[in-house]
Structure formats: C-alpha cells, structure tokens
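Biologist: Could you walk me through this one? I'd like to start with a local detail and then go on to the interface.

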Number of protein chains: 2
Amino acid sequence: MAEQGTADTGPSAKATTKAVLVDAGTRLILEQGYHQTGIQDVLQAAGVPKGSFYYYFPSKEAFGQAVIAQFAAAYLARLEQCLGDTTASPLTRLRRHQEELLARFERRGCRGGCLIGNLSQETGGSQPRLRAQLDAVFTSWRERYAQLFREAQAVGELRADLDPEALADFYVDSFEGALLRAKVSKSPAPLRVFLTYMFDGVLQGRPIEA
Amino acid sequence: MAEQGTADTGPSAKATTKAVLVDAGTRLILEQGYHQTGIQDVLQAAGVPKGSFYYYFPSKEAFGQAVIAQFAAAYLARLEQCLGDTTASPLTRLRRHQEELLARFERRGCRGGCLIGNLSQETGGSQPRLRAQLDAVFTSWRERYAQLFREAQAVGELRADLDPEALADFYVDSFEGALLRAKVSKSPAPLRVFLTYMFDGVLQGRPIEA
C-alpha cells in the first residue's frame, strides 16, 4: 500500500478523503450500527475506490475510533456554543440546548439517536478500546454539564444541595435513556417527559406539570 | 424438514431444545449483541446439532422475537414478585427491586446490561418487527411501574403532583440510561447515582445526599 502521497493523494487530498470516509461511516453507523456497517458499505457510500480503506485506517476498530472522536468533538463544540452563551442564565442555556436536540431528532424522523449511546450498547461488551474511548467521551460531557450546574448554583438558579458532578451524570445518563426510548418508540414523547421531569422535578424542584 | 415428531423430537423434546436455544441465544446476545451472534454460535453454545435451527425457528428474526419474549416475561415475573409483595410500602418495594438489580449487575462484573435496552439500540433502526416488540415491552414495564406509583400516591408516599404514567416512563428510561453508562464505565456508580436522584430527588422530594 502506498505510503507516499501522489498528486491525487497528497496531504490535503488524503485529509479530505479520510474526512469523507468518517462522515459516511458516521451516517451508516447511526442508521444501522457498527457491526452491520461493513468497510465496503462505507467506501461505497463515500464514493471512494474499493481497496483504499486501509490506506487511511489500519483497522475497522481504528475507523470506529475516528468516527467516535469526530462525533464527540462536534457534539462538544455544539454544546459549548450553547452552554457558553452567557447572555442567558445557565439553566435557560441548558434548556435551549435540549430543545434544539429534540427538534433535530424530530426533523430526522426520530431515527438514529446518539452515536455515543448506540456504540456503548453495541460495542461496550466486546470492544475494550472503543469502550474506554466511549467512557472518556461521557466523562467529558459530564465535566461540561457539571461546570454549567456550578454556574447555576452560583447565581442561585439551582438547588445548592445537588452535587454538580453526580447531577451531571444523572442528567447525561437519563437523557441517553430517553433518547433510546424515543428511538424505539419512534416518538419524541420520551424526550419531552425527560425535559419536564429533569427541569421541573430535579433541577428546579417546582410542581411538575406533565 | 421434519414436521412430525419422532421419539427424539416429540413435543416435549422439541420444547426443551427450543428453550435451550433461546437460553443460549439470550446469553450470547447479552454478551456480544444481536448482529454478532450467528445461528451457528447459538447451536454450538446450546450443544444442538448443526442444521436443526430452522426446525425450531423460521428465521433469525423469529429467534430474536423468542429471545425478547422470554426475557421480557422473566423480567416481568421478577418485577411482579417484588412489586406485588404488599407486606412492604410501595416505594420500599421499588427500592428493594432496584437494589437487587444493582447487586445482580455487580455480581456479573458490570457486563451485559438490559437485553431490551441493548436490542433497542442495536436493532431499533433496522428491524421494524423487533422494534415494535421492544416498544411493547417498554410499555408493559411502564404500566407495571405506573400501577405501583398509583399505590404509592394512595398511601401518601409519593407526591400527588406526579402523573403516574409519565413518571413511570421517566423512571424506566432513566434507569436504562444509567445501566448503559454502568456498562460502558464498567462500574455500578451510575446505578447508585440513579437511585439517589430518582428516589430522593424525584419520588420523595427530600434533600439529596449524593
């Protein structure tokens, strides 16, 4: 296999093809899962010649790691954009972010769900490297949410008896469960229930109007 | 393929072999997922001769349906045994059931998780019949938890402002999310966070000691 770039496969063409493969893989894995997504499917969906996969990735596992890394970075950037907007109060930003996720899920026909949650279920028991990477992604999300919860406590918007890290775990995990249920029921209703109970019941401790 | 039973494959031997296949399939699917579990793997794990699978199941999908049906029935029976024990208060029963699930998950080395949740993630997007069946299983669980929450409200143990059905959905979905996270982090900690926040924060509305 060529190690040297040619006019067509120089550093920038290589980076582009690699990105195209990761994008195609992300879509396919979201739709049909990791194990059901063959390397040939990815090449075909990406419009990349057969046989060139191993020029970019040493293994399917390495490809899976690249897909996870890109999805996690993109999600964290979107999260930061919304949670870092200090023109609104911390819980207002959080609620806005959650409503945006819900709207996107509905626009996509209640399909796909969260790539990180899906891969955790599917590969968490059998692929130790992917499992460790997915665990680290969840931890990075937990840290970002915990930071927001600390801000909310500082301005008196969140109950002071809640531990920001544990609450962030409960928040992230419950959201993943609601998304799983929304996918299997093909309905956004579980995400609305999550929003109501999490915000009214847990974060703000006010009467729940479900 | 034989339709008539012989001395070795009469109704009771047939029922037994079928059950052995379903048990083996359940273990394998919990460990490695649905798509990764081949029919030959199931036959081998069950110690059943090659080629006899289609005598018992018309397709892998039908086999998946049998695995789901058995897991769901077994879980509902265990749930009923615990939640139906009226010698304890409703929320005491629920907490006891949850502690038992947590202890079992730890004994099994934080592996496997919930077959229904796992299959929902893995097949929810690609297998319409399994998806519909999994959705119905979640609905049956929701109904059983909602019944318990109504009991808890009747004896004044649960806040009256909570809608039993919506709360049951939030409970079941959040638990599935916590189990997913426990599996990927190989730790029971997310299940303990779930217990603390769900019981203290949501169900009983008292200060959370996390």
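**A serine, then the interface**

Modeller: Sure: a polar atom of the B:S52 side chain lies 2.8 Å from the backbone oxygen of B:P49. Ground rules: this is a predicted model, where local features need pLDDT of at least 70, side-chain atom pairs count only at pLDDT 80 or more, and totals for chains, interfaces and linings use all residues. Residues are numbered from 1 along each chain as its sequence is written, chains are lettered from A in the order in which they are written, and side-chain values use heavy atoms, with hydrogens and water left out.

Biologist: Is B:S52 buried or exposed?

Modeller: B:S52 is found in the loop between α2 (39-46) and α3 (53-56) of chain B. The cut-offs are under 20% relative accessible area for buried and over 50% for exposed, with a 1.4 Å probe and protein chains only. B:S52 has 18% relative accessibility, so the label is buried.

Biologist: How much area is buried between chain B and chain A?

Modeller: Contact here means heavy atoms within 4.5 Å, and 48 residues of chain B touch 49 of chain A that way. Buried area is the accessible area (1.4 Å probe) that two parts lose on being put together, summed over both. Carbon and sulfur atoms give 59% of a total of about 4,100 Å².

Biologist: And how many salt bridges are there between chain B and chain A?

Modeller: The rule wants a Lys or Arg side-chain nitrogen within 4 Å of an Asp or Glu carboxyl oxygen. One salt bridge joins A:D169 and B:R181, at 2.9 Å, N to O. Between the two chains, the count is four.

Methods: Helix = DSSP H or I, 4+ residues; strand = E, 2+ residues; numbered from the N terminus. Polar contact = N/O pair within 3.5 Å; in protein donor to acceptor, adjacent residues only side chain to side chain.
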